[in-house]
Amino acid sequence: MVYNFNAGPSILPKEVFEEVSRGILDFNGTGLSILEIGHRTPLFQGVLDEAIATAKELMKLDADHEVLFLHGGATTQFFQIPMNLVNEGQTAAYLDCGTWGKKAIKEAKLYGHVEVVASSKDKNYTYIPKGYTIPRDAAYFHYTTNNTIEGTEMFAIPETDVPLVADMSSDILSRVTDFNKHALIYAGAQKNIGAAGVTMVVLRKDILGKVNRAMPGMLDYREHIAAGSMLNTPPVFAIYVCMLTLRWLKNLGGIPAIEAVNTKKADLLYSTLDSLPIFRPTVVKEDRSKMNAVFVMDDPALEKEFQDLCKAEGMYGVKGHRSVGGFRVSLYNALPLSSVEVLTQLMTQFAHKKA
Ligand code: PMP
């Protein structure tokens with residue numbers, strides 16, 4: 001038995017792995033592998049159409065929002081967004097809440113004036129700043145809903161008239177939220193959407209066409225919309241895995257159903273951590289992520305001992321990000337509650353033995 005707490009690429013539903021294996025050998029009874037069909041065939045068009053339709057349905061998107069599947073990871077969005085949305089000399093507002101947001105800020109500075117409205121850097125990004133003001137003339141306001149490395153999550157959507165842009169890479173589809181309040185949402189697929197190699201971008205068309213710079217076609221959202229995410233050969237296999245994962249979530253009852261499970265998993269993990277003084281969660285309670293729980297021990301030797309124990313018990317990915325240390329446990333949609341039960345039992349036994 002193995003338990004996969006990896007931060008991304010990460011666990012996907014078993015049903016998806018089974019269906020994908022069949023699709024590699026014989027896609028939908030065609031005798032062809034999903035890996036050898038043309039992207040401009042009705043076969044693949046059906047996969048892409050279902051992926052887009054299911055994403056729209058799960059997120060309850062209105063008719064103004066388009067869903068795109070693009071290349072280049074969320075990291076490409078760090079520069080594609082300012083390239084498409086902010087003119088030179090104009091302001092883009094950003095929240096500085098962690099490693100990924102910081103990278104987005106760095107790239108945005110290549111295209112416009114960046115105003116960082118608030119930061120939690122003073123406390124190693126262990127909380128979400130509140131009570132900041134977003135400049136009304138900003139082209140957009142960018143924030144990261146879940147800070148994968150530091151383990152904080154923003155549960156409230158910022159109140160502003162400025163177009164909202166959100167990096168939802170690590171908590172998209174994990175809890176009910178009003179996706180339509182956003183002008184642009186992006187997420188690398190490799191956590192809650194599917195396989196690595198594709199990025200989902202949701203955007204409202206009316207925010208486009210307002211910058212006067214020339215840009216390559218591959219970086220112009222309008223061209224991707226016009227081409228239906230097929231401006232060039234799309235990552236066919238990765239999109240297929242996304243389609244199956246989205247279908248799995250829909251059959252399960254959609255976002256409200258998975259949110260109930262996600263809340264149970266996070267509650268069990270954090271309540272266990274809070275009850276065992278040997279472990280110390282690093283994030284303030286109200287901002288603790290339900291997707292990535294980060295915690296440390298005060299004794300590095302004990303940390304190593306517990307990490308080794310997790311490994312011996314078949315647990316993958318319990319180690320913290322190299323920039324933070326300690327432990328990080330990822331609780332994405334496909335992780336079953338039973339995995340958290342096994343981990344928390346191990347924590348409790350370990351703590352009692354060391355007490
Ligand atoms: N933003 C967030 C919140 C992330 O967690 C990650 C990756 N873990 C990225 C951006 C970068 O994604 P990618 O590797 O797909 O470029």
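**Cavities, pocket and ligand surroundings**

By residue class, the lining of the second largest cavity comprises five nonpolar and four polar residues, with no charged residue among them. In this predicted model, that second largest cavity has a volume of about 40 Å³, and its lining is formed by F69, L70 and H71 together with H224, S229, M230, L231, N232 and P234. The count of cavities of 30 Å³ or more comes to two.

The largest cavity has a volume of about 80 Å³. Its lining is made up of 13 residues, of which T145, M168, D171, R175 and T177 lie nearest the centre of the cavity. Divided by class, the lining of the largest cavity contains nine nonpolar residues, two polar residues and two charged residues.

Apart from these cavities, the open pockets were also examined. The largest pocket holds about 320 Å³ of space, and of the 19 residues that line this pocket, G8, W100, T148, Q190 and K191 are the closest to its centre. Helix α3 gives the most to the lining of the largest pocket, contributing three residues. The residues of this lining divide into five nonpolar, 10 polar and four charged.

The ligand sits in the largest pocket. Around the ligand there are 13 residues, and those that come nearest are T75, T148, D167, Q190 and K191; T148, Q190 and K191 are also listed among the residues closest to the centre of the pocket. The largest share of the shell around the ligand, four residues, is supplied by helix α3, which spans residues 73–85. By class, the shell is composed of three nonpolar, eight polar and two charged residues.

Polar contacts to oxygen atoms of the ligand involve both backbone and side-chain atoms of the protein. An oxygen atom of the ligand lies 2.5 Å from an N or O atom in the side chain of T75, and a ligand oxygen is likewise placed 3.0 Å from an N or O atom in the side chain of Q190. At A74, by contrast, the protein partner is a polar backbone atom, which is 3.1 Å from an oxygen atom of the ligand. Taken alone, the ligand exposes 400 Å², and the protein buries 85% of that area.

Key
Residues are numbered from 1 along each chain as its sequence is written. This is a predicted model: local features need pLDDT of at least 70, side-chain atom pairs count only at pLDDT 80 or more; totals for chains, interfaces and linings use all residues. Side-chain values use heavy atoms; hydrogens and water are left out. On a 1 Å grid over the protein atoms alone, a cavity is a set of points where a 1.4 Å probe fits but cannot get out, and a pocket is an open set with protein on both sides within 12 Å along at least five of seven lines; lining residues have an atom within 4 Å of a point. Grid points are joined across faces, edges and corners, and a volume is the space filled by probe spheres set on the points. Ala, Val, Leu, Ile, Met, Phe, Trp, Tyr, Cys and Pro count as nonpolar, Asp, Glu, Lys and Arg as charged, and the others, Gly among them, as polar. A residue is near a molecule or strand if one of its heavy atoms lies within 4 Å of it. A polar contact is a pair of N or O atoms within 3.5 Å; within protein, one must be able to donate a hydrogen and the other to accept it, and residues adjacent in sequence count only if both atoms are side-chain atoms. Accessible areas come from the Shrake-Rupley method with a 1.4 Å probe; for residues, only the protein chains shown count as cover. A molecule sits in a cavity or pocket if more than half of its atoms lie within 2 Å of its grid points. Helices (H or I, at least four residues) and strands (E, at least two) are DSSP runs, numbered from the N terminus.
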